[in-house]
Amino acid sequence: MDVTVLCDAVAVFPEPIDEALPGWTPTHAEWTAEVMPGNVQGSGWWLHFHSYLLTGEAGVVLVDAGIGPAGGEAATWLGVSGRLPALLAKVGVQESDIDTVVLTHVHLDHVGWSAEGERPRFTNAEYVVQRDEIEHVRGGTTYERMIRPIVEAGQLRVVDGETALPGMRLLPTPGHTPGHQSVVTERAVLGGDVWVHPAQARWPELTYVYERDPARAITSRREVLAVAAASGIPIAAAHPHAALSGDVRPLSTPTAGVEVCPPYRL
């Protein structure tokens, strides 16, 4: 399946980096400036919000659903609204064309376009989420606004553990959240928030203050790196500016500054 990167938005992380990433040092900052300058913003960091469109004989799959429109939870938190519907149209995909939406996890910046009011936004899609994730978020604000409409429409598929889907497999990668999953294709590992900052690929032990289980998150980072290295495919996470190879080199030539990039294929 072809993999197209859709950058829903770019925003500055709203907290100091050394508070968000305990253990942050000048060494981490120097490495990031050299390897991934598109994530550097002064003493802080730029977050990119990537969704991934998979297309091929197996159908049309969207991995993660961005931050959503103005007025939504994530857009209000970050001070920027998403543009995913326009990006889909730009690559010639209608929302009704999407067969499957895989959510790596149910955080507000990954499910922002999942529902519209009381209905799923992608009306013909099956939404796929790990059972541990659903149980973790059930009853919360994001669940009520973005998952309950999918449940009530009969469009939610709950899976347990590693699961094969046409053209890909779902790999449990818990830690960031209890039911976090990554998507493994022949072209890339789509890693969601296995790492929120690219330095966590170089230093898997660099934890994020909002990881539900930091020890498991470290293990998941190492497992994803091993899958990528063994397969020779890149890792495309949600927030780093560019995909990284298994030995944590950028897939594309890094550029300085921030760019809300047009859709491009991995």
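**Figure 1. An open sheet of five strands.** In this predicted model, five strands line up in the order β10-β11-β12-β13-β14. The sheet is open, and its pairing is mixed. Strands β10 (163-165) and β14 (235-237) stand at the edges. Each has a single partner strand, so one side of each is left without a neighbour in the sheet. From one strand to the next, the twist averages 25 degrees.

**Figure 2. The β10 edge of the sheet.** Strand β10 pairs with β11 (residues 168-172). Three bridges join these strands, which run antiparallel. Ala-164 can be used to find the pairing: Arg-169 in β11 stands opposite Ala-164.

**Figure 3. A helix across the sheet.** Helix α8 lies across four strands: β11, β12, β13 and β14. Its direction makes an angle of about 140 degrees with β14. Helix α8 spans residues 214-231.

**Figure 4. Asp-193 and its histidine neighbours.** Asp-193 sits in the loop between β13 and α7. Which residues does Asp-193 touch, not counting residues up to four places away in sequence? They are His-105, His-110, His-176, His-180, Ala-238 and His-239. With His-110, the side chain of Asp-193 makes a polar contact of 3.1 Å. Asp-193 is buried, yet has no salt bridge. The nearest side chain of opposite charge belongs to Arg-221, 9.7 Å away. A salt bridge requires a side-chain nitrogen of Lys or Arg within 4 Å of a carboxyl oxygen of Asp or Glu.

**Figure 5. Thr-207 and the residues around it.** Thr-207 lies in the loop between α7 (199-202) and α8 (214-231). Is Thr-207 buried or exposed? Its relative accessibility is 19%, so Thr-207 counts as buried; the cut-off for buried is under 20%. Leaving aside neighbours within four places in sequence, Thr-207 is in contact with Ala-20, Leu-21 and Pro-22. Gln-200, Pro-214, Ile-218 and Arg-221 are also in contact with Thr-207. Gly-23 is 184 residues from Thr-207 along the chain. The C-alpha atoms of Thr-207 and Gly-23 are separated by 7.8 Å.

**Figure 6. A salt bridge between distant parts of the chain.** The structure holds eleven salt bridges. Side chains of opposite charge can pair when their charged atoms come close. Arg-187 pairs with Asp-2 in one of these bridges, with the closest N and O atoms 3.2 Å apart. The partners are 185 residues apart and link distant parts of the chain. Asp-2 belongs to strand β1 (residues 2-12). Arg-187 belongs to the loop between β12 (181-184) and β13 (189-192). Both ends are partly exposed: Arg-187 has 39% relative accessibility, and Asp-2 has a relative accessible area of 22%. A further residue joins in, as Asp-2, Arg-187 and Arg-265 are linked in a network of salt bridges.

**Figure 7. A salt bridge within helix α6.** Arg-148 and Glu-144 both lie in helix α6 (residues 141-152). They are four residues apart, about one turn of the helix. How far apart are the closest N and O atoms of the salt bridge between Arg-148 and Glu-144? The distance is 2.6 Å. Arg-148 is partly exposed, at 32% relative accessible area. Glu-144 also counts as partly exposed, at 32% relative accessibility.

**Figure 8. The pair Arg-138 and Glu-135.** Arg-138 forms a salt bridge with Glu-135. Their closest N and O atoms are 2.7 Å apart. Arg-138 is partly exposed, with 45% relative accessible area. Glu-135 is partly exposed too, with 47%.

**Figure 9. Two loop residues with positive phi.** Asp-64 lies in the loop between β4 (59-63) and α3 (73-78). Its phi is near 70 degrees, a positive value in a residue other than glycine. Asp-64 counts as buried, at 2% relative accessibility. Val-248 has its place in the loop between β14 and β15 (264-265). The phi of Val-248 is near 55 degrees, again positive in a residue other than glycine. Val-248 is buried, with a relative accessible area of 13%.

Definitions and conventions
Residues are numbered from 1 along each chain as its sequence is written. This is a predicted model: local features need pLDDT of at least 70, side-chain atom pairs count only at pLDDT 80 or more; totals for chains, interfaces and linings use all residues. Side-chain values use heavy atoms; hydrogens and water are left out. Buried means under 20% relative accessible area, exposed over 50%, partly exposed in between (1.4 Å probe, protein chains only). Contact means heavy atoms within 4.5 Å. Lys and Arg count as positive and Asp and Glu as negative; His and the chain ends are not counted. A polar contact is a pair of N or O atoms within 3.5 Å; within protein, one must be able to donate a hydrogen and the other to accept it, and residues adjacent in sequence count only if both atoms are side-chain atoms. Two strands pair if DSSP finds at least two bridges between them. Axes are lines fitted to C-alpha atoms, for helices over the stretch in contact, and angles run from 0 to 180 degrees between N-to-C directions.
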